[in-house]
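Q: I'm new to this structure and would like a close look at a single part of it. Could you walk me through that part slowly?

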Amino acid sequence: MKITILTLFPNMFSGFISESIIKRAIERKLVTIEIVNIRDFSEYNNQQVDDTPYGGGAGMVLMMDPLVKALKSVKTEDSITVLLTPTGVTWKQSLAQEYAKKSHIILICGHYEGVDERILNYVDAEISIGDFILTGGEIPAMAIADSLIRLIDGVIKKESSEEETFSHDLFDYPTYTKPAVYDGYAVPDVLLSGNHEKIRLWREEMARKKTEERRPDLLNKEG
Ligand SMILES: C[S@@+](CC[C@H](N)C(=O)[O-])C[C@H]1O[C@@H](n2cnc3c(N)ncnc32)[C@H](O)[C@@H]1O
């Protein structure tokens, strides 16, 4: 899989691509991450990329030309182009599973007041990461890229991703590690029993119970 991110702030991604699981996935060539600076495609004076909104109002709006030129420089027949916007469809695990099958995903990060609305003629999807406003699309791009990369075969152990919260419209089961008692708080006995079948049933029950308590809508969907 290749993920291309169009942004005005490429440096924001340096930590993201150089740590932990994402770093290892890149090193092992399981994913390619391409960061493209939209400003490099501006042919305006001083590499201008934004301007005031027609009709007046607050803030600056990203202009079409640098953005479309940046997009055309990376887009192929196999690309799917996504605009990150708070007015898009909310990202969730089932969408991540669908997008993880694509070979090339382009994520466009808006900034300031947003992007000239005519960009919608050039994108395949509009995605939000939730009902809140961020300064720019960079954090949403990282969140989406991260959730996609961990679904690529070989990035994390298959059992881990299959049991994770939301993979089957269920929360993950509770996990514990050493020591068995911490500050008077003990690990449930069953986990120390060595009985794998009992542990499996307990985990199943705990996952269902927690989902029922906190997100019954997920279970209803499953049934
Ligand atoms: C400050 S926001 C623009 C908000 C816009 N004026 C509005 O009220 O809908 C700037 C950029 O951040 C990104 N952004 C902000 N919140 C987001 C969210 N919840 N999901 C995805 N992208 C978001 C988008 O790319 C957006 O163009």
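Is D169 buried, exposed or partly exposed, and how many other C-beta atoms lie within 10 Å? Please take me around the loop it sits in, and then into the core.

A: Happy to, and one thing up front: this is a predicted model. D169 is partly exposed, because it has 13 to 19 as the range to fall in and its count is 17 other C-beta atoms within 10 Å. The residue's place is in the loop between α6 and β8. Its backbone is worth a look too: phi of D169 is near 55°, a positive value in a residue other than glycine. Most residues other than glycine have a negative phi, and most peptide bonds are trans.

D169 has company in that respect. F166 lies in the loop between α6 and β8, and its phi is near 80°, again a positive value in a residue other than glycine. F166 is partly exposed, with 17 other C-beta atoms within 10 Å.

Further along, T175 also has its place in the loop between α6 and β8. T175 is exposed, since 8 other C-beta atoms lie within 10 Å and a residue with 12 or fewer counts as exposed. To get a feel for distance, try T175 and V115: they are 60 residues apart along the chain, and their C-alpha atoms are separated by 43 Å.

Next door in the loop between α6 and β8 is Y176. Y176 is partly exposed, with 13 other C-beta atoms within 10 Å. Leaving aside neighbours within four places in sequence, Y176 is in contact with V187 and L191. The C-alpha atoms of Y176 and V187 are separated by 6.7 Å, although the two are eleven residues apart along the chain.

The loop has another backbone feature. P179 is found in the loop between α6 and β8, and a cis peptide bond joins K178 and P179, with omega at about 5°.

Now for the core. The largest nonpolar core has 34 residues, and those with the most contacts inside it are L6, L67, V82, L84, L107, I108 and A141. At least two residues of this core come from each of β1, α2, β4, α3, β5, β6 and α5. The largest share, six residues, comes from α5. In soluble globular proteins, nonpolar side chains tend to be buried together.

Take L67, for example. Not counting residues up to four places away in sequence, L67 touches L6, I38, L62, I108, V115 and I119. L67 is one of the buried residues of helix α3, along with P66, A70 and L71. These buried residues cover an arc of only 130° around the axis, which puts them on the same side of α3. The face of α3 turned away from that buried side carries the exposed residues K72 and S73. As for partners, the buried residues of α3 pack against β1, β2, β4, β5 and β6.

Back to α5: its buried residues include A141, M142, I144 and L148. The twelve residues of α5 should span 16 Å at 1.5 Å a residue, and the end C-alpha atoms are 16 Å apart, which agrees.

Note on methods
Residues numbered from 1 in each chain as written. Predicted model: local features only at pLDDT ≥ 70, side-chain atom pairs only at ≥ 80, totals over all residues. Buried ≥ 20, exposed ≤ 12 C-beta atoms within 10 Å, placed from the backbone. Helix = DSSP H or I, 4+ residues; strand = E, 2+ residues; numbered from the N terminus. Arc of directions from axis to C-beta. Contact = placed C-beta atoms within 7 Å. Core = buried A, V, L, I, M, F, W, Y, C linked by C-beta atoms within 7 Å. Expected span 1.5 Å × (residues − 1).
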